[in-house]
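Please look over the sequence and the structure shown below before reading on. The paragraphs that follow take up a few of the features that can be traced in them.

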Amino acid sequence: MKIVAVNKKHQAKVNRAIYWLIKHNEANDMRDIADNNDDEKMHEKYDRICQKTFDKYESYTSELPKREVAQIENSILY
């Protein structure tokens, strides 16, 4: 999914934030599957991945203006 930045100069950071948000969503899905299967080891693994990917996402969104972050958070990905 592509989200076009309100201000073109922020497009690269918006793209990076979206990339890490997608990675977080994938890891979160895997963590939920592991939780449903009572697989504690895999749950912990994907929980760590979720934390890392969300930290990366927050790192990129912290460098963006509020309107760009709001646009990402109002998308279907969030």
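In this predicted model, a good place to begin is the salt bridge in which the side chains of R31 and D47 meet, with 2.7 Å from N to O. This pair links distant parts of the chain, since R31 belongs to helix α1 and D47 to helix α2, 16 residues apart. R31 has a relative accessible area of 18% and is therefore buried, the limit being under 20%, whereas D47, at 24% relative accessibility, counts as partly exposed.

The search of the whole structure finds 2 salt bridges, and K13 and E63 also meet through their side chains in such a bridge, at 3.3 Å from N to O. Here too distant parts of the chain are linked, for K13 lies in helix α1 and E63 in the loop between α2 and α3, 50 residues apart. K13 is partly exposed, with a relative accessible area of 30%, and E63 is likewise partly exposed, with a value of 41%.

Helix α2 itself runs over residues 40-61, and its 22 residues, at 1.5 Å a residue, should span 32 Å, which agrees with the 31 Å that separates its end C-alpha atoms. The buried residues of α2 are Y46, C50, T53, Y57 and T61. Seen down the axis of the helix, these buried residues fall within an arc of 80°, so they line one face of α2. They pack against α1 (11-36) and α3 (66-73), while the face of α2 turned away from the buried side carries the exposed residues E40, K41 and K52.

Note on methods. Residues are numbered from 1 along each chain as its sequence is written. This is a predicted model: local features need pLDDT of at least 70, side-chain atom pairs count only at pLDDT 80 or more; totals for chains, interfaces and linings use all residues. Side-chain values use heavy atoms; hydrogens and water are left out. Helices (H or I, at least four residues) and strands (E, at least two) are DSSP runs, numbered from the N terminus. The expected span of a helix is 1.5 Å times one less than its number of residues. Buried means under 20% relative accessible area, exposed over 50%, partly exposed in between (1.4 Å probe, protein chains only). The arc is that of the directions from the helix axis to the C-beta atoms. Contact means heavy atoms within 4.5 Å. A salt bridge is a side-chain nitrogen of Lys or Arg within 4 Å of a carboxyl oxygen of Asp or Glu.
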